[in-house]
Amino acid sequence: AIRNRTLVYESIVPSDVRVRVYDGLALAIGRSQMRVRTASGVSSFEIRFTEVYVRKEGHWLLTAWEATRM
């Protein structure tokens, strides 16, 4: 949907983000206000998200992402 542009993220505004770093792993949790456009119009909503990053060869790689609409 993103690739063929039937879903377009017009804005993503994160808030209340907290990051915890462990040995080679980082966990980020927070909220985000989303604004998306589809064929049926524009909608705005808030999500709560969790991201997991792993440190590999000197770079942080996003390995998991989960979100729930609030």
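A hairpin of two residues links strand S2 to strand S3. The model that shows this turn is predicted. S2 covers residues 25-38, and S3 covers residues 41-56. The two strands run antiparallel and are joined by 14 bridges. Within this pairing, Ser32 lies opposite Ile47 of S3.

The hairpin belongs to an open sheet of four strands. Their order is S1-S2-S3-S4, and the pairing is antiparallel. S1 (7-22) and S4 (59-69) form the edges, each pairing on one side only. From one strand to the next, the twist averages 25°. In general, strands of a sheet pair through backbone hydrogen bonds, in either a parallel or an antiparallel sense.

At one edge, S1 pairs with S2. These strands run antiparallel, with 13 bridges between them. Tyr9 has Val36 in S2 as its bridge partner. A hairpin is found here too, with two residues between S1 and S2. One residue of this hairpin, Gly24, adopts a positive phi near 80°.

At the other edge, S4 pairs with S3. The pairing is antiparallel and extends over 10 bridges. Here Phe49 stands across from Ala67 in S4.

Side chains in a regular strand alternate between the two faces of the sheet.

Taken by pairing, the bridges number 13 for S1 and S2, 14 for S2 and S3, and 10 for S3 and S4.

Terms used
Residues are numbered from 1 along each chain as its sequence is written. This is a predicted model: local features need pLDDT of at least 70, side-chain atom pairs count only at pLDDT 80 or more; totals for chains, interfaces and linings use all residues. Side-chain values use heavy atoms; hydrogens and water are left out. Two strands pair if DSSP finds at least two bridges between them. Axes are lines fitted to C-alpha atoms, for helices over the stretch in contact, and angles run from 0 to 180 degrees between N-to-C directions.
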